[in-house]
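Subject: Structure handover

Hi,

Here is the structure I promised to pass on to you. Have a look at it first, and then read on for my notes on what turned up.

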Amino acid sequence: MLELQHVKKYYQVGDTLTKALDDVSIAFRPKEFVAILGPSGSGKTTMLNALGGLDRYDSGDMIVNGTSTKKFKETDWDAYRNNTVGFIFQSYNLIGHLSIIDNVEMGMTLSGVGKAERKQKAVAALERVGLGQHINKAINQLSGGQMQRVAIARAIVNDPDILLCDEPTGALDTVTSEQIMQLIQELSRERLVVMVTHNPELAHQYADRIVEFADGKIQQDSDPYQESATSSAFTLKRTKMTFATAIKLSFNNIRTKKGRTFLTAFASSIGIIGVAIVLSLSNGFQKQINDTQTETLSKFPITISQVTTDQSKAQSSMSDSDKTAKNRGYLVAAKDQSESAQHVNKINTKFLNYVKNIDPEYSNNIGYTRLTGMNLLRQVEGKVTAVKFSNSDGDTQSIQQSLSSSSGVGVSSFPEPLTAGKNNFLQSNYKLLKGAYPKTATDIVVVVDSKNHTNINALKNLGFDVKNGQKVDFSKIIGTTIKVASNDDYYQKLPSDNFIPNQNLTSAYNNSKHQLKIVGVIRAKKSTNMGLLAPGIAYSDKLVRQIIQDNKNSAIVQAQKQSNTNVLTGETLTAQTKSQLMATLGSSGIPYSILIYPNNFKDKDHVLTYLDKYNKGKDKADKIIYTDLAGTMTDLTGGLMDAITYVLVAFAGISLVTSMIMIGILTYTSVLERTKEIGVLKALGARKKDITRVFDAETGILGVGSGILGVVIAYLATFPINSLLYKLTDLSNVAQLNPVHALILIVLSTVLTIIGGHLPARMASKKDAAIALRSE
Ligand SMILES: Nc1ncnc2c1ncn2[C@@H]1O[C@H](COP(=O)(O)OP(=O)(O)OP(=O)(O)O)[C@@H](O)[C@H]1O
């Protein structure tokens with residue numbers, strides 16, 4: 001039934017050659033009890049391992065049931081060990097972290113026997129070896145003899161044809177040894193039993209046949225057997241461990257080392273914690289920024305100025321500014337960078353009408369800044385005095401004006417809604433501190449900042465006698481009236497054809513058609529945050545339009561139109577300064593800049609699309625370039641946030657890799673620790689793949705565990721982080737862990753740890769079963 005033919009197995013270690021099996025030929029009967037005797041190191045175990053398919057030999061052949069094993073593949077050997085052979089070892093080789101039943105069932109589990117059948121067979125085998133009453137004990141609660149009985153039950157549960165025993169009583173006392181020998185003798189009535197022993201008495205007492213070994217050779221055989229050439233069909237049932245079994249094995253193993261596993265999972269979760277916190281913070285900050293943007297930046301208008309900067313040109317010139325050209329022996333006369341990026345927007349009536357036709361659903365407020373001067377007169381202590389709406393004490397006005405007209409911040413005229421009653425700019429952005437919101441074109445308001453300050457120059461320029469820091473009661477200001485004189489009343493023509501302000505302002509004052517009145521004091525709402533209107537006086541654009549209407553055909557405008565010198569000062573004018581002066585005098589309805597206030601952040605896109613449509617098919621020079629300050633800021637902060645996140649995630653990622661290496665080391669340790677178990681599993685017929693699977697399952701469990709642990713810790717950490725951030729920055733709930741990120745991180749942790757543990761797992765699977773079993 002089993003035969004070795006000229007089997008040789010040599011070990012070459014350094015210079016010494018050990019002939020563990022030196023041309024061994026021996027045949028066994030299907031049912032007999034063979035004892036192998038011999039001195040230590042004579043090759044007994046080597047032969048037993050060869051018979052059990054645990055170890056390969058250098059030459060010769062083994063015949064099983066008339067079939068040569070020369071053509072056996074790895075999986076055939078696995079199946080052979082699983083179906084045909086049962087092993088009993090001196091040191092029992094039970095898997096400590098599994099129950100008695102699980103140990104006995106393992107071989108069947110590997111060959112895919114169903115659960116009920118497994119249980120029934122395992123219980124029967126345990127009863128057979130006399131352990132029926134101890135089934136529920138843990139392995140470490142059993143005596144040596146009982147453990148050996150479990151091992152015997154495990155060996156015979158699959159009813160193998162061959163039982164191989166390597167000094168089964170070597171570790172047992174005399175009485176127990178006798179019992180075990182009786183049991184083995186009983187089993188040999190149904191099958192072939194080959195037992196290696198050092199004990200000649202026991203061998204002679206129980207065995208049917210004694211084979212004596214020395215120096216790798218059979219010295220004596222008490223009952224040799226000649227195998228007749230039978231060739232009965234010999235089929236092997238393939239083994240295959242299910243993933244569930246792998247998980248169960250690993251899970252049980254992990255359970256026996258709870259403390260260590262927890263520490264490892266915690267240590268390797270630090271990477272995940274790092275990444276999760278970084279992500280949740282950047283997530284939260286981005287959200288905060290977005291909220292602030294939608295809330296505050298949406299209040300920023302889209303501005304269209306007569307002179308603007310072409311951002312695309314400005315940027316491209318910036319990016320190649322660091323390239324140094326070679327000395328070519330000439331220089332280039334070139335425009336200044338900012339000048340060459342300058343674009344003149346041809347704002348004309350057609351474009352003004354286009355803007356006016358914007359859908360009020362998207363933007364209901366359109367403001368204008370104009371250069372138009374107003375001839376303001378006020379009666380201060382009975383005397384008519386020229387006053388002005390201005391925040392400056394000198395002539396710096398124009399710089400401030402052009403700045404505010406291109407950014408939309410700090411302007412003095414407020415837009416009136418396209419559709420009344422809806423989305424009113426003043427009412428939605430400004431709080432009334434006293435008085436009333438303006439109703440008519442001649443109603444003006446005083447704007448104060450969050451500290452209730454207003455610009456002192458604005459008050460001084462209106463004829464109020466105030467000192468820095470002086471408190472002025474609302475009642476002193478509200479109700480103040482100012483008159484607007486027409487150009488014709490305000491300016492008088494000299495015989496020299498030049499104009500000067502009228503000496504008799506009283507008649508101009510009395511002739512005035514427009515009486516302005518300060519009706520209220522307003523302050524930007526908290527949610528607005530942004531001083532769109534400069535502290536000081538704010539008036540409606542409608543007022544300015546009326547003044548332009550009045551002055552368009554005034555004498556001074558007519559005269560200035562004809563002349564290339566300033567009709568007030570006699571200065572020579574360039575085309576540009578002339579048109580500026582004309583605008584100041586109120587000659588044209590074309591504003592210096594247009595400010596479009598979108599109703600909210602989302603509507604801004606619609607507004608931009610609407611503006612882009614105007615440019616379609618137009619020449620570059622005829623295009624209208626707008627400035628979207630809010631958009632520029634959004635892009636900037638978004639990009640910045642992304643960059644910071646990438647850097648931080650990269651740092652945290654390093655600790656992820658560290659975790660991965662750690663898991664690798666841990667799996668390696670585990671492989672070393674479980675070498676014996678690997679040997680046992682192989683002896684039971686586990687394939688290489690199955691062994692890999694067991695360790696992959698273990699690292700998988702560890703990966704999922706550390707991923708979940710990391711995510712949970714990171715989630716818990718967001719609470720103290722948030723309360724700290726709240727104390728520091730007043731921002732609430734900044735750190736927010738995105739569930740999708742959490743899930744991705746768990747998957748990532750699992751994948752990384754499996755990768756980290758896979759190499760040691762592969763190593764484990766390649767371990768030589770015979771060597772693994774010899775390990776202590
Ligand atoms: N992996 C190995 N590498 C080198 N030599 C080995 C290896 N395994 C076994 N040997 C040698 O092969 C010889 C036979 O060993 P084996 O274990 O088969 O002897 P044994 O008769 O079973 O000894 P014992 O009764 O002490 O268990 C010994 O000299 C041993 O040192």
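Before the first hairpin, one convention: two strands count as paired if DSSP finds at least two bridges between them. Strands E15 (residues 376–380) and E16 (residues 383–387) run antiparallel and are joined by 5 bridges. Val380 has Lys383 of E16 as its bridge partner. The hairpin they make leaves 2 residues between the strands, and Glu381 there adopts a positive phi near 50 degrees. Please keep in mind throughout that this is a predicted model.

For the overall picture, the chain has 776 residues, of which 40% are buried. It holds 27 helices and 26 strands. Among contacts with a separation of 6 or more, 82% are between residues 24 or more positions apart.

Now to the ligand. Which residues come nearest to it? Of the 13 residues around the ligand, these are Tyr11, Ala20, Ser40, Thr45 and Thr46. By type, the shell has 8 polar residues, 4 nonpolar ones and 1 charged. At least two shell residues come from each of strand E1 (2–13), strand E2 (16–28) and helix H1 (44–51). H1 contributes the most, with 3 residues.

H1 deserves a second look. All 8 of its 8 residues are buried, so the helix is largely enclosed by the rest of the structure. Thr45 and Thr46, which are among the residues that come nearest to the ligand, are also among the buried residues of H1, as are Lys44 and Asn49. After H1 comes Gly53, with a positive phi near 75 degrees.

The two strands that help line the ligand shell, E1 and E2, also belong to an open sheet of 4 strands, ordered E2-E1-E4-E5 with antiparallel pairing. E2 and strand E5 (67–68) are the edge strands; each has a single partner, so one side of each lacks a neighbour in the sheet. At the E5 end, strand E4 (residues 59–64) is joined to E5 by 2 bridges, again antiparallel, and Ile63 sits opposite Ser68 in E5.

There is also an open sheet of 6 strands, in the order E6-E7-E8-E3-E9-E10, and here the pairing is mixed. Its edges are strand E6 (85–88) and strand E10 (217–221), each with a single partner strand, so one side of each is left without a neighbour in the sheet. From one strand to the next, the twist averages 20 degrees. At the E10 edge, 4 bridges connect E10 to strand E9 (residues 209–214), and the two run antiparallel; Phe213 stands opposite Ile218 in E10. Helix H5 (residues 144–156) packs on this sheet, touching E6 and strand E7 (162–166), and its direction makes about 170 degrees with that of E6.

Last, a helix pair. How do helix H20 (residues 555–562) and helix H21 (residues 575–585) cross? Their axes come within 10 Å and cross at roughly 170 degrees. Angles over 145 degrees count as roughly antiparallel, and H20 and H21 are therefore roughly antiparallel to each other. Ile556, Val557 and Gln560 of H20 meet Leu581, Met582 and Leu585 of H21. The residues of this contact are 5 nonpolar and 1 polar, with no charged ones.

Happy to go through any of this with you.

Best wishes

Note on methods: Residues numbered from 1 in each chain as written. Predicted model: local features only at pLDDT ≥ 70, side-chain atom pairs only at ≥ 80, totals over all residues. Near = placed C-beta within 6 Å. Nonpolar A, V, L, I, M, F, W, Y, C, P; charged D, E, K, R; others polar. Buried ≥ 20, exposed ≤ 12 C-beta atoms within 10 Å, placed from the backbone. Axes fitted to C-alpha atoms, helices over the stretch in contact; angles between N-to-C directions. Contact = placed C-beta atoms within 7 Å. Parallel < 35°, antiparallel > 145°, perpendicular 65-115°, else oblique.
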